[in-house]
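Let's take a friendly walk through this structure together. Please have your viewer open, and pick out each spot as we come to it.

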Amino acid sequence: MNLLVVEDEAILRNGLIDLLRGAGHRVEAAENGLEAVRLAGGCAFDLILLDVMLPGLDGIEVCRRVRRTHPAVPILMLTARGSEDDKVRGLKAGADDYITKPFGARELLAR
């Protein structure tokens, strides 16, 4: 699978990249919302892992913009906040699912 990881925290972003590459996936990464929109616009991804809280554009706005150009790509939102309001906003923006930080490697790979 060709994956896009969008996470501003370097330690988590690099950990996700290592985990997903170790599972045999091709991974590109972005550390902010604007970079994520640019990358998503130029390449077809099989899945986007998208943090909610990002510098530049937040994950909700990134999700909306990606949906305009790639309506079918699955988007898994990553959030440290378990707020139902955030989840509803993300789902309305086009996210397919949420996973709450911290999460384990097995949980992420199972999704």
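The paragraphs below visit a few individual residues and one pair of helices.

A word before we start: this is a predicted model. Keep that in mind as you look at the distances and contacts along the way.

Let's begin at the N-terminal end with Asn 2, which belongs to strand 1, residues 2-6. Is Asn 2 buried or exposed? Its relative accessibility is 10%, and because the cut-off for buried is under 20%, Asn 2 counts as buried. If you follow the side chain of Asn 2, you will find that it reaches the backbone oxygen of Ala 44 at 3.2 Å. Ala 44 is also among the residues that Asn 2 touches beyond its sequence neighbours up to four places away; the others are Arg 26, Cys 43, Phe 45, Asp 46 and Leu 47.

Next, move along to helix 1, residues 10-22, where Arg 13 sits. Arg 13 has a relative accessible area of 10% and is therefore buried as well. Which residues surround Arg 13, once neighbours within four places in sequence are left aside? The contacts are with Val 5, Glu 7, Asp 8, Ala 29, Ala 30 and Glu 31. Glu 31 lies 18 residues from Arg 13 along the chain, and the C-alpha atoms of the two are separated by 7.9 Å.

Now for the helix pair. Helix 2 spans residues 33-42 and helix 3 spans residues 59-69; their axes come within 10 Å and cross at roughly 15°. Angles under 35 degrees count as roughly parallel, so helix 2 and helix 3 are roughly parallel to each other. Their crossing is right-handed. On the helix 2 side, the residues that meet helix 3 are Gly 33, Ala 36, Val 37 and Ala 40, and their partners in helix 3 are Val 62, Arg 65 and Val 66. By character, the residues of this contact divide into five nonpolar, one polar and one charged.

Our last stop is Lys 101, in the loop between strand 5 (97-100) and helix 5 (105-110). With a relative accessible area of 15%, Lys 101 is buried. The side chain of Lys 101 is joined to that of Asp 51 by a polar contact of 3.1 Å. Apart from residues up to four places away in sequence, Lys 101 touches Asp 51 along with Glu 7, Glu 9, Leu 12, Leu 78, Thr 79 and Ala 80. You may recognise Glu 7 here, as Arg 13 is in contact with Glu 7 too.

Note on methods
Residues are numbered from 1 along each chain as its sequence is written. This is a predicted model: local features need pLDDT of at least 70, side-chain atom pairs count only at pLDDT 80 or more; totals for chains, interfaces and linings use all residues. Side-chain values use heavy atoms; hydrogens and water are left out. Helices (H or I, at least four residues) and strands (E, at least two) are DSSP runs, numbered from the N terminus. Buried means under 20% relative accessible area, exposed over 50%, partly exposed in between (1.4 Å probe, protein chains only). A polar contact is a pair of N or O atoms within 3.5 Å; within protein, one must be able to donate a hydrogen and the other to accept it, and residues adjacent in sequence count only if both atoms are side-chain atoms. Contact means heavy atoms within 4.5 Å. Axes are lines fitted to C-alpha atoms, for helices over the stretch in contact, and angles run from 0 to 180 degrees between N-to-C directions. Angles under 35 degrees count as roughly parallel, over 145 as roughly antiparallel, 65 to 115 as roughly perpendicular and the rest as oblique. A crossing is left-handed if the near helix is turned anticlockwise from the far one by less than a right angle, and right-handed if clockwise. Ala, Val, Leu, Ile, Met, Phe, Trp, Tyr, Cys and Pro count as nonpolar, Asp, Glu, Lys and Arg as charged, and the others, Gly among them, as polar.
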